[in-house]
Amino acid sequence: MEIAYVCEWEKRPKSNHCPSIPLVCAWSCRNLIAFTTDLKNEEDDKDLSHMIHVIDTDHPWDVNSINSGHTEVISCLEWDQSGSRLLSADGDGQIKCWGMTEHLVNSWECTQSSSVDGDPIVALSWLHNGVKLALHVEKSGSTNFGEKFSRVKFSPSLTLFGGKPMEGWLAVTVSGLVTVSLLKPNGTLLTASESLCRLRGRVALADIAFTGGGNIVVAATDGSSSSPVQFYKVCVSVVNEKCRIDTELLPSLFMRCTTDPVRRDKYPAVTHLKFLTRENSEQVLLCASSQMGSIVECWSLRKEGLPVNNIFQHRSPVVGEKQPMILKWRILSATNDLDRVSAVALPKLPISISNTDLKVASDTKFFPGLGLALAFHDGSIQILHRLSLHTMGVFYGSSGSSQRVGEEPAIKRQRAGGPTLHFKALQFSWTSLALVGVDNHGKLHMIRVSPSMGQLLDMNTLLRHLLFLLEYCMVTGYDWWDVLLHAQPSMVHNLLEKLHEEYMRQNQALQQVLSTRIVAVKASLCKLSSATAARACDFHAKLLLIAISSTLKSLLRPHVLNTPDKSPGDRLSEICAKNTDTDIDKVMINLKTEEFVLDGPPLQSLQQLIQWVGDFVLYLLANLPNQGSIVRPGFGFLRDGASLGMLREMLVMIRIWGLLKPGCLPIYTATSDNQDSMFLLFRLLTKLWLCCDAHTHNTQLVLDRPGTQY
């Protein structure tokens, strides 16, 4: 099926529904979902519409509710580009910035706030940080990540000294006011407000987009389909430590349905206004509705030559003279009469829409990022092509079934009694492979969307699609939870192999950047199959091992400030890689021990991490007799030379620190009082490390086993 339920969440014990309150929902790149409900608790008559609920899609049963402190209904929610901070705005003009407390998803605090008292917020957005990628389907077979996911030249909305993007947010109010709040490096807030135009009018709907030159474009309408949709350019700057806003009127448009004699009065209200993407201010989606139905139009801003009067056409042209150009909105596509639209979701995947990429996407049936979702009052959802508005898939929420385009339903759907369940808020995931919606009864629904929109694919093509999106998540750092929804247990082995092959083809610098991300992706994939569950434990342990190694090495400081370019940690890695001696004390001779000198308290505070490293080495060595058992956790480390080398380096550091403060050493129970456990562990670990390197030359693994027991 092209669209199917994943899960649903409901939190409405003894509650009443308030249909007049709008719902909002936002999905972050970390797969955190923030949403509001329109419910009231009958026990204490508490209005839950002022609460913000945050869930992690990996643990949807853990719902974290934030008492926002908003006095009016929350009208906007917006995540930042990192997915760690959340903006909320209400009908009283209050804007609050929420951040995690100590990086805990179940603990949030308000870090900043601004307000436009008494002026409801209708649109809200973070300022752009200047980072934009383009995903090229045409290059999906390339071995270079830089060709698949190219960096697009894009300027931040505002920059600090040195070109660093300045953080902040922008909001549009119902009275036609634009307000900007800038976060200075010292933590203070610069706030300014300005009218969108000289003649301020009511703004019922608005949306915000960004241009490559660092400007901001605001689209606004008063809600009437007979009124023009206005566009404004907003420039933000800092002058004399004060925020300055300059606005300029851009070309406007009238919806085509208002010029059609048949539909002139059929759809009186504009119910949805959205730019197709936040980084493209030249394409906009409009939806006009009535009580009976809706119509959707897609418009594009184009440059056209200004027609010249006949009087001037016979004039001899001047050398180098060009025809004057103007910007004009042209309609790209429009739908036929639809059922009444209740919510719209636009894709976040930055897929390139060049002719070549679109053709390759059509040939390979790769559709993520090309479809937009429309939710209707009858409970159904349609996926339309973002440019042509042709139907790509249909989902009937009331029956929990999906249907491909062109198929007839086997059984006619029966109309349910009472209010029809429909979505009031809808959001795509960051790879467009899942939809989340909040319905009119306060339920949160998760829906899986197939990358091929239900069209049959062979296994190799589906693997390439999922691999392409996993690579995109690795490069961007976005969460890949929605990609895993489509990975079957039988695919895990092939995905792991192909992902590792593509990773090894990248240059060393990029491999170092992606080293921990690929381990995390592999761990998530291995958990999908019972046959690879033990490998998932190994990958999680490797992530912890890398974190501990980085922490311990970061404590090392050069004895003399004017040292060569290599840090003490790099020199330690280089010496341990070259020195194959099994005697830990002989390896220490080649090191500058003064670089390892730390004060007493920090060393003692590291004892728990040091103990974990020692226990982990002991566990690996105890598993050697069962090395043929793949299902046993730790099997992957026995042939991982890089991880074993990392453990050797940490044992050397621990040995040196133990000479300074014996209390920080790991504690073992040995059969002999004069046994040097650290010496013995390092000798065995070094032999394992040497045999791991020799394994590539088909050398048999032989380890001496001493007669001591632990």
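**Exercise 1. In this predicted model, find which element gives the largest share of the lining of the second largest pocket, then describe that lining.**

Step 1. Helix α8 gives the largest share, 9 residues.

Step 2. Place α8 among its neighbours. The elements that give two or more residues to this lining are α6 (492–504), α7 (508–526), α8 (533–554), α9 (568–578) and α13 (641–660).

Step 3. Take the whole lining. It has 35 residues, and Val-519, Lys-542, Asp-640, Ala-642 and Ser-643 lie nearest the pocket centre.

Step 4. Sort by chemistry: 12 nonpolar, 14 polar and 9 charged.

Step 5. Add the volume of the second largest pocket, about 1400 Å³.

**Exercise 2. Determine whether strand β27 (residues 371–376) is enclosed or open, and locate its partners.**

Step 1. Count buried residues, using under 20% relative accessible area as the cut-off. In β27, 6 of the 6 residues are buried, so the strand is largely enclosed by the rest of the structure.

Step 2. Split the strand by face. In a regular strand, side chains alternate between the two faces of the sheet. Gly-371, Ala-373 and Ala-375 are buried on one side of β27, and Leu-372, Leu-374 and Phe-376 are buried on the other.

Step 3. Find the partners. Strand β26 (residues 341–345) runs antiparallel to β27, joined by 4 bridges. Here Val-341 stands opposite Phe-376. Strand β28 (residues 380–385) also pairs with β27 in the antiparallel sense, over 5 bridges. Here Ala-375 stands opposite Ile-381.

Step 4. Check the connection. β27 and β28 form a hairpin with 3 residues between them. In the turn, Gly-379 has a positive phi of about 95°.

**Exercise 3. State the secondary structure of the span annotated as "repeat: WD".**

Step 1. The unreviewed UniProt entry places this annotation on residues 67–98.

Step 2. Residues 67–98 are 0% helix and 56% strand, and the end C-alpha atoms lie 11 Å apart.

Technical notes:
Residues are numbered from 1 along each chain as its sequence is written. This is a predicted model: local features need pLDDT of at least 70, side-chain atom pairs count only at pLDDT 80 or more; totals for chains, interfaces and linings use all residues. Side-chain values use heavy atoms; hydrogens and water are left out. On a 1 Å grid over the protein atoms alone, a cavity is a set of points where a 1.4 Å probe fits but cannot get out, and a pocket is an open set with protein on both sides within 12 Å along at least five of seven lines; lining residues have an atom within 4 Å of a point. Grid points are joined across faces, edges and corners, and a volume is the space filled by probe spheres set on the points. Ala, Val, Leu, Ile, Met, Phe, Trp, Tyr, Cys and Pro count as nonpolar, Asp, Glu, Lys and Arg as charged, and the others, Gly among them, as polar. UniProt positions are given in the numbering used here, feature names are shortened, and annotations may be inferred rather than shown by experiment. Buried means under 20% relative accessible area, exposed over 50%, partly exposed in between (1.4 Å probe, protein chains only). Two strands pair if DSSP finds at least two bridges between them.
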